[in-house]
Amino acid sequence: MGSAGEPLAKIVQNGHEVGLGWESDLPEPVVDGATLTYPNVLPDVDLKLEANLKGFSELLVVKTPEVAAH
C-alpha cells in the first residue's frame, strides 16, 4: 500500500530527482506488467502509473459521467 508522503514513482538522473506523490494512503495496486492501477483513489476514480524507459506516466481513470462533471 502506498503511504501518504512517500513517492509512488521517482526518477533520479545526474544528481537530480523528481517524484510523484499522493496526499493520502493508497490501496494495494493491481499490477499488469509495467502498469500499476490503484483502484478508487477517489470515488469512481482509479490512478494508473506506467513505467517506461524514459520515466513514468500517470493517468486518472474517471469511471462515471457524474464524477467527470466535477
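Read along the sequence, the protein chain of this predicted model follows the pattern β-β-β-β-β-β-α. Its secondary structure comes to one helix and six strands. The C-alpha trace spans about 45 × 25 × 20 Å along its principal axes. Of the 70 residues, 19% count as buried. Contacts between residues at least 6 apart in sequence were also examined; 20% of them join residues at least 24 apart.

The surface was then considered. The protein chain exposes about 5,200 Å². Carbon and sulfur atoms supply 54% of that area. The chain carries 4 positive and 11 negative charges. The mean positions of the two sets lie 8 Å apart.

The largest nonpolar core holds seven residues. These are Leu8, Leu26, Tyr38, Val41, Val45, Leu47 and Leu49. Strands β4 (35-42) and β5 (45-52) each supply at least two residues of this core. Strand β5 gives the most, with three residues. In soluble globular proteins, nonpolar side chains tend to be buried together.

Leu8 illustrates the contacts made by a core member. Residues up to four places away in sequence are not counted here. Leu8 touches four other members of the core, namely Leu26, Tyr38, Leu47 and Leu49. Leu20, Gly21 and Trp22 are also in contact with Leu8.

Strand β4 merits a closer look. Thr35 is found in this strand. Thr35 counts as buried because its relative accessibility is 18%, under the 20% cut-off. Leaving aside neighbours within four places in sequence, Thr35 is in contact with Val30, Leu49 and Glu50. One of these partners, Leu49, belongs to the largest nonpolar core.

Asn40 lies in strand β4 as well. Its backbone has a positive phi, near 50 degrees, in a residue other than glycine. Asn40 has 46% relative accessibility and therefore counts as partly exposed. That value falls between the limits of 20% for buried and 50% for exposed.

A second positive phi occurs at Asp44, again a residue other than glycine. Here the angle is near 60 degrees. Asp44 is found in the loop between β4 and β5. With a relative accessible area of 33%, Asp44 is partly exposed. The strands on either side of this loop, β4 and β5, each supply at least two residues of the largest nonpolar core.

Strand β6 covers residues 55-62. Gly55 is found in this strand. Gly55 is buried because its relative accessible area is 15%, again under 20%. Not counting residues up to four places away in sequence, Gly55 touches Ile11 and Glu50. Glu50 is also in contact with Thr35. The C-alpha atoms of Gly55 and Val41 are separated by 22 Å. These two residues are 14 residues apart along the chain. Val41 is a member of the largest nonpolar core.

Definitions and conventions: Residues are numbered from 1 along each chain as its sequence is written. This is a predicted model: local features need pLDDT of at least 70, side-chain atom pairs count only at pLDDT 80 or more; totals for chains, interfaces and linings use all residues. Side-chain values use heavy atoms; hydrogens and water are left out. A nonpolar core is a set of buried Ala, Val, Leu, Ile, Met, Phe, Trp, Tyr and Cys residues joined through side-chain atoms within 4.5 Å. Buried means under 20% relative accessible area, exposed over 50%, partly exposed in between (1.4 Å probe, protein chains only). Helices (H or I, at least four residues) and strands (E, at least two) are DSSP runs, numbered from the N terminus. Contact means heavy atoms within 4.5 Å. Accessible areas come from the Shrake-Rupley method with a 1.4 Å probe; for residues, only the protein chains shown count as cover. Lys and Arg count as positive and Asp and Glu as negative; His and the chain ends are not counted. The place of a charge is taken as NZ of Lys, CZ of Arg, CG of Asp or CD of Glu.
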